[in-house]
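Visitor: I have a structure open and I'd like some help finding my way around it. Could we go through a few spots together?
Guide: Gladly; bring it up and we can begin.
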Amino acid sequence: MALPWVLTVLSLLPLLEAQIPVCANLRPVPITNATLDRISGKWFYIASAFKNEEFKKLVQDIQATFFYFTPNKTEDTIFLRQYQTNRNACIYNTSYLNVQRENGTISKSEEGHVAHLLILRDTRTFMLAFDVDDEKKSGLSVYADKPETTKEQLGEFYEALDCLRIPRSEVLYTDSKKDLCEPLEKQHEKERKQQEEKES
């Protein structure tokens, strides 16, 4: 008698799994040393979508951005070197981000913006989620280790947008072909090497 019931339950499992909200990938997890190792290095800003009007305006003029994360595990900070092409001009900035390990967030103290760091299944991508609990201000941005991404790589980003009820039509994409910062990056690399040679 129990067998038909077991079979019925087993046959329903795929349906039950399908009903698990896609919001699962928006749950932040604590940041560990392994997480910091994983996000260390060069990244490209690919796309974002925000309900927050202030953020929307800020990202509208961004044509291309790449940056370097250099984490300091003992001080729980990340040194950020950012190359941004904005309105046909290259803007270079450096700053420090604070890492809040327990709640899985990183923040820029001078701006007061806090973002949840979301590590994705694809190790070559990650997301930053903003104000996920605020229906009117939530937003999401996605980053990859190369300027071009595949549909599969953006899959989790789109799932998370659906979960936040942000229409995919609101997504603003960058275009690496419009990048004007590569010459400056090359110059910085050359200067760094010269400095290292002097010090050695």
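Visitor: Let's start with Gln153: buried or exposed?
Guide: This is a predicted model, and in it Gln153 has a relative accessible area of 7%, which falls under the 20% limit, so Gln153 counts as buried.

Visitor: Which helix is Gln153 in?
Guide: Gln153 belongs to helix α4, which covers residues 151-163.

Visitor: And what does Gln153 touch?
Guide: Setting aside residues up to four places away in sequence, Gln153 touches Asp122, Arg124, Thr125 and Glu148. With Asp122 there is also a polar contact, in which the two side chains are joined at 3.5 Å.

Visitor: OK, zooming out. How many helices and strands does the protein have?
Guide: There are five helices and nine strands, and if you read along the sequence they come in the pattern α-α-β-α-β-β-β-β-β-β-β-α-β-α.

Visitor: How much of the protein is buried?
Guide: Of the 200 residues in the protein, 40% are buried. As for the outside, the protein exposes about 12,300 Å², and carbon and sulfur atoms supply 54% of that area.

Visitor: What sits in the largest nonpolar core?
Guide: That core has 25 residues, and those with the most contacts inside it are Leu26, Ile46, Met127, Leu140, Val142, Phe157 and Leu161. The elements that give it two or more residues are β1 (41-50), β2 (62-72), β7 (125-130), β8 (139-144) and α4, and α4 provides the largest share, with six residues. There is also a second, separate core of 22 residues, which includes Leu36, Tyr45, Phe55 and Tyr143.

Visitor: Why would nonpolar residues gather like that?
Guide: As a general tendency, nonpolar side chains in soluble globular proteins are likely to be buried together.

Visitor: Can we look at Met127, then? What is it in contact with?
Guide: If we leave aside its neighbours within four places in sequence, Met127 is in contact with a list of residues that includes Asn25, His116, Leu118, Leu140, Val142, Phe157 and Ala160.

Visitor: Which side of β7 does Met127 belong to?
Guide: Met127 is on one side together with Thr125 and Ala129, while Phe126, Leu128 and Phe130 are on the other, and both faces are covered, with all of these residues buried. Put as a count, six of the six residues in β7 are buried.

Visitor: What does β7 pair with?
Guide: Strand β6, residues 113-119, runs antiparallel to β7 and is joined to it by four bridges, and the two form a hairpin with five residues between them. One pair to look for is His116 with its bridge partner Ala129 in β7. Strand β8 also runs antiparallel to β7, with six bridges joining them, and in β8 the bridge partner of Leu128 is Ser141.

Visitor: New topic: how many disulfides are there?
Guide: The count comes to one disulfide, which joins Cys90 to Cys181 with a sulfur-to-sulfur distance of 2.1 Å. The link is right-handed, with 115° about the S-S bond.

Visitor: Where are Cys90 and Cys181?
Guide: Cys90 lies in strand β4, whereas Cys181 lies in the loop between β9 (172-173) and α5 (182-199), so the pair ties together parts that are 91 residues apart in sequence.

Visitor: Are the two cysteines buried or exposed?
Guide: Cys181 is buried, with a relative accessible area of 0%, whereas Cys90 has 30% relative accessibility and therefore counts as partly exposed.

Visitor: Last one: where is Lys51?
Guide: Lys51 is placed in the loop between β1 and α3 (53-60). A polar atom of the Lys51 side chain lies 2.9 Å from the backbone oxygen of Leu164.

Visitor: What else is Lys51 in contact with?
Guide: Apart from its neighbours within four places in sequence, Lys51 has contacts that include Lys56, Glu135, Ser138, Arg165 and Ile166. You could also look at Glu170, which is 119 residues from Lys51 in sequence, while the C-alpha atoms of Lys51 and Glu170 are 8.8 Å apart in space.

Key: Residues numbered from 1 in each chain as written. Predicted model: local features only at pLDDT ≥ 70, side-chain atom pairs only at ≥ 80, totals over all residues. Heavy atoms only, no water. Buried < 20%, exposed > 50% of the residue type's maximum accessible area, 1.4 Å probe, protein only. Polar contact = N/O pair within 3.5 Å; in protein donor to acceptor, adjacent residues only side chain to side chain. Contact = heavy atoms within 4.5 Å. Areas by Shrake-Rupley, 256 points an atom, 1.4 Å probe, with all protein chains shown as cover. Core = buried A, V, L, I, M, F, W, Y, C linked by side-chain atoms within 4.5 Å. Pairing = 2+ DSSP bridges. Disulfide = S-S within 2.5 Å.
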